[in-house]
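Trainee: Hi! Could you walk me through this one? I'd like to start with the side chains and then move on to the sheets.

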Amino acid sequence: MQIHTTIESLRAARAAAGKVAFVPTMGNLHEGHITLMRQAGERADAVIASIFVNRLQFGPREDFDKYPRTLAADCERLEAAGVAHLFAPDETVMYPTPQQYHVDPAPAHVSILEGEFRAGHFRGVATVVLKLLNIVQPDIALFGKKDYQQLMVLSNMVREFALPVEVLPGETVRAPDGLALSSRNGYLSAAERAEAPRLYRQLTAIRDAVLAGDRDFLKLETMAVAELAAHGWRPDYVTVRRRADLQPPAHGDAAPLVVLAAAKLGTTRLIDNLEI
Ligand code: AMP
């Protein structure tokens with residue numbers, strides 16, 4: 001695997017790489033990321049991954065400084081997964097001067113859910129992903145459903161700006177006990193790690209109830225929030241939404257649904273979701 005720290009080097013490699021599938025990440029790679037890399041490899045001549053912890057998408061009181069940075073171990077995993085090129089720029093490459101132009105996603109898409117609790121987050125995500133797509137110029141870009149709203153925002157950005165890239169979603173990879181893999185799981189204490197799968201169990205319970213015909217979403221959501229709170233969580237939301245735009249389903253709406261949740265366990269904020 002070749003490691004590129006400059007845009008020029010990455011672009012030269014990309015030009016010789018044929019059909020390229022791109023997987024942007026913030027590093028501290030786990031099996032969820034690696035599954036995206038493998039999926040990418042099945043669809044292109046070469047996989048390009050990126051590792052960049054993007055300051056723009058972190059709020060002032062969020063974990064930018066303590067976000068795990070594990071480049072050496074990440075490189076080993078990428079190499080083993082057959083990734084051809086890693087773009088690992090530092091901030092002087094991505095933001096040589098403070099970024100003054102930004103992508104503002106549709107307010108209807110980013111004033112809700114994660115956007116409600118993380119002001120400016122998706123503006124930072126969309127801005128860096130547009131920049132990375134312009135640098136890498138891939139044929140395909142892969143994003144995980146783990147970050148469901150992010151996938152929705154980025155798919156819409158690509159479509160509305162007619163970016164010449166195909167967005168492919170990857171299924172959420174979970175630990176055997178159901179916990180969605182996440183770099184932030186590393187923040188959990190042993191006791192919190194044992195408690196953490198409850199979030200997924202609540203999502204599963206809601207999905208199963210809805211599939212069994214229960215359409216009283218508010219009751220199901222309220223029960224899940226209460227159950228989490230009773231076990232020490234501080235839930236931000238548990239909510240059933242339409243998959244396409246993440247708005248609440250109208251009465252009698254037959255649109256495909258997804259249930260999404262975010263909750264804090266100790267100081268760690270976990271998110272998860274499940275298509276219904
Ligand atoms: P991150 O490094 O957190 O920015 O994630 C990089 C990419 O990996 C994003 O597209 C995420 O949605 C995806 N991802 C993160 N965790 C998982 C997971 N458990 N399963 C599948 N994809 C994931």
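Mentor: Happy to. A term comes first: a charge sits over a ring if NZ of Lys or CZ of Arg is within 6 Å of the ring centre and within 35 degrees of the ring normal. And keep in mind that this is a predicted model.

Trainee: Okay, so which ring does the charged end of K66 sit over?

Mentor: The ring of Y187. The charged end of K66 is 4.1 Å from the centre of that ring.

Trainee: And what about R69, which ring is under its charged end?

Mentor: That one is F64, with the charged end of R69 at 4.8 Å from the ring centre. F64 also belongs to an aromatic cluster, together with F58 and Y67.

Trainee: Let's stay with aromatics. How many aromatic pairs does the structure hold?

Mentor: Four. Take F58 and Y67: their ring centres are 5.8 Å apart and their planes stand at 75 degrees, so this pair is edge-to-face. An angle over 60 degrees is what edge-to-face requires.

Trainee: Is F58 buried or exposed?

Mentor: Buried, because its relative accessibility is 10%. Y67 counts as buried too, at 7%. The cut-off for buried is under 20%.

Trainee: Changing topic: what is the strand order in the six-stranded sheet?

Mentor: The order is β1-β4-β3-β2-β5-β6, in an open sheet with parallel pairing. β1 (2-4) and β6 (166-170) are at the edges with a single partner strand each, so one side of each has no neighbour in the sheet. From one strand to the next, the twist averages 25 degrees.

Trainee: Let's look inside that sheet. How many residues of β3 are buried?

Mentor: Six of the six, so β3 is largely enclosed by the rest of the structure. A46, I48 and S50 point one way from the strand, while V47, A49 and I51 point the other way, and all are buried.

Trainee: How many bridges join β3 to β2?

Mentor: Six, and the two strands run parallel. If you want a spot to click on, V23 stands opposite A49 in β3.

Trainee: And over at β6, how many bridges join it to β5?

Mentor: Five bridges join β5 (residues 140-144) to β6, again with the strands running parallel. There, I140 stands opposite E166 in β6.

Trainee: Which strands does helix α2 lie across?

Mentor: Helix α2 (residues 31-41) lies across β2 (20-25), β3 (46-51), β5 and β6, and runs at about 170 degrees to β2. Helix α3 (residues 71-80) packs on the sheet as well, where it touches β1, β3 and β4 (85-87). The direction of α3 makes about 165 degrees with that of β3.

Trainee: While we're on α2, R38 is in that helix. How accessible is R38?

Mentor: Its relative accessibility is 42%, so R38 counts as partly exposed. R38 and K19 are 19 residues apart in sequence, and their C-alpha atoms are 15 Å apart in space.

Trainee: Now the three-stranded sheet. What is its order?

Mentor: β7-β8-β9, an open sheet with antiparallel pairing. β7 (233-242) and β9 (268-275) are the edge strands, each pairing on one side only. Ignoring direction, neighbouring strands of this sheet are turned by 10 degrees against each other on average.

Trainee: How many bridges do β7 and β8 pair over?

Mentor: Nine, in the antiparallel sense, with β8 covering residues 257-265. R241 stands opposite V258 in β8.

Trainee: Which strands does helix α10 lie across?

Mentor: Helix α10 (residues 198-211) lies across β7, β8 and β9, at about 25 degrees to β9. Helix α11 (residues 217-230) also packs on the sheet, touching β7 and β8, and its direction makes about 160 degrees with that of β7.

Trainee: Last topic, the whole chain. How many helices and strands does the protein chain have?

Mentor: There are 11 helices and nine strands. The radius of gyration is 19 Å, close to the 19 Å that the globule rule gives for 276 residues, so the chain is as compact as a globular protein of that length. Along its principal axes the C-alpha trace spans about 55 × 40 × 35 Å.

Trainee: And what share of the residues is buried?

Mentor: Buried residues make up 54% of the 276.

Methods. Residues numbered from 1 in each chain as written. Predicted model: local features only at pLDDT ≥ 70, side-chain atom pairs only at ≥ 80, totals over all residues. Heavy atoms only, no water. Phe/Tyr/Trp six-rings, centres within 6.5 Å; stacked < 30°, edge-to-face > 60°. Buried < 20%, exposed > 50% of the residue type's maximum accessible area, 1.4 Å probe, protein only. Pairing = 2+ DSSP bridges. Helix = DSSP H or I, 4+ residues; strand = E, 2+ residues; numbered from the N terminus. Axes fitted to C-alpha atoms, helices over the stretch in contact; angles between N-to-C directions. Contact = heavy atoms within 4.5 Å. Rg over C-alpha atoms; globule rule 2.2 N^0.38 Å.
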